[in-house]
Amino acid sequence: QGLQFALKSLNDKPNASSGERALQERQKAHMARGLPKQKPIAGVKEVIVVASGKGGVGKSTTAVNLALGLMANDQSKRVGLLDADVYGPSVPKLMNLKGNPELTDNNLMRPLMNFGMPCMSMGFLVEDTAPIVWRGLMVMSAIEKLLRQVDWGLLDYLVVDMPPGTGDVQLSITQNIPIAGAVIVSTPQDIALLDARRGAEMFRKVNVPVLGLVQNMSVFQCPQCNHQTHIFGSDGARELARTLEVELLGDIPLHLNIRETSDKGQPVVVSSPDSPEAEAYRRIASAVVCRLTEESR
């Protein structure tokens, strides 16, 4: 996986002589032989990855409601959800799904369905409480199965809930399939923003467009007195977006309704569609579609 970074570094020497540049081109061609060739997922038009530099910032909840928001904004679009967080799959709980996928005649797994959206997760293939204590090769094999052995049908968008961090799984996915863009989720807290920046820079290194940042848990409004408190800080993700020269896709409040509906497996976009919280996710979904259109020009 480090080959992508090595290839990138060969491009970062603008003052090289013609002989050095020729050598760099030969080195790049030689090293590129070891990189997997990107191959689209059958039936999927565009892949959107939702990532975070660290855990605990609401990435999975954002991914689920973003996917449902894409469907809610345009009901003619077919959207799927892939939970690529092998060690800590959250989609089964968030989407209220249980059971093992059925197999097609071609030995492909059929995604489980809820709220009109097909979903696939490692959580459907292991016991709820079973720890996944796998080494790297087993994890890569599992990711390969989730990417290549699922019958998605025809999808306009496949939203991928990535694991937190910038490790093997993230690099493997970005190197194996073409990705239309990445959405980075962070709280406004300084320590979360440091990791969010690393995540954004990783996607840039592997030539994945960063569509923008989502500032999650941006403000808490007291249900009794309506006083607003910025528990995790104020506008940190907005400042980071400005620094990285990417768009702030939107703010999601720290709201009890989001937590309760997520815990019940009834995401707020479908269970409380008229709420301000659901509207916030739908606005982010609209911003993502706009950015995808800009990137495709």
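At roughly what angle do the axes of helix α3 and helix α11 cross? Here are some notes on that crossing and on the salt bridges, with the reminder that this is a predicted model.

1. **The helix crossing.** Helix α3 covers residues 59-73 and helix α11 covers residues 276-296; their axes come within 8 Å and cross at roughly 75°. Since angles of 65 to 115 degrees count as roughly perpendicular, α3 is therefore roughly perpendicular to α11.

2. **Who meets whom.** On the α3 side, the contact is made by T61, T62, N65, L66, G69, L70, A72 and N73. Facing them from α11 are Y281, R282, I284, A285, S286, V288 and V289. Sorted by class, this contact of α3 with α11 has eight nonpolar residues, six polar ones and one charged one.

3. **Salt bridges overall.** Side chains of opposite charge can pair when their charged atoms come close. Searching the whole structure turns up ten salt bridges, and the points below take up some of them.

4. **A link between strands.** D156 and K45 form a salt bridge through their side chains, at 3.3 Å from N to O. D156 belongs to strand β5 (residues 155-161) and K45 to strand β1 (residues 44-51), so this pair ties together parts that are 111 residues apart in sequence. You may like the contrast in exposure here: D156 counts as buried because its relative accessibility is 14%, whereas K45, at 65%, counts as exposed.

5. **The E102 pair.** Another salt bridge joins the side chains of E102 and R110, with an N to O distance of 3.9 Å. For anyone checking cut-offs, a salt bridge here requires the nitrogen to be within 4 Å of a carboxyl oxygen. E102 is exposed, its relative accessible area being 55%, while R110 counts as partly exposed at 39%.

6. **A bridge inside α11.** Back in helix α11, the side chains of E279 and R282 meet in a salt bridge at 2.8 Å, N to O. Both residues lie in this helix, three residues apart, which is about one turn. R282 is buried, with a relative accessible area of 16%, and E279 is partly exposed at 31%. R282 is also among the α11 residues that meet α3, so do look at this residue when you view the crossing.

7. **A shared network.** Finally, E247, R291, E294 and E295 are joined into one network by salt bridges that share partners.

Key: Residues are numbered from 1 along each chain as its sequence is written. This is a predicted model: local features need pLDDT of at least 70, side-chain atom pairs count only at pLDDT 80 or more; totals for chains, interfaces and linings use all residues. Side-chain values use heavy atoms; hydrogens and water are left out. Axes are lines fitted to C-alpha atoms, for helices over the stretch in contact, and angles run from 0 to 180 degrees between N-to-C directions. Helices (H or I, at least four residues) and strands (E, at least two) are DSSP runs, numbered from the N terminus. Angles under 35 degrees count as roughly parallel, over 145 as roughly antiparallel, 65 to 115 as roughly perpendicular and the rest as oblique. Contact means heavy atoms within 4.5 Å. Ala, Val, Leu, Ile, Met, Phe, Trp, Tyr, Cys and Pro count as nonpolar, Asp, Glu, Lys and Arg as charged, and the others, Gly among them, as polar. Buried means under 20% relative accessible area, exposed over 50%, partly exposed in between (1.4 Å probe, protein chains only).
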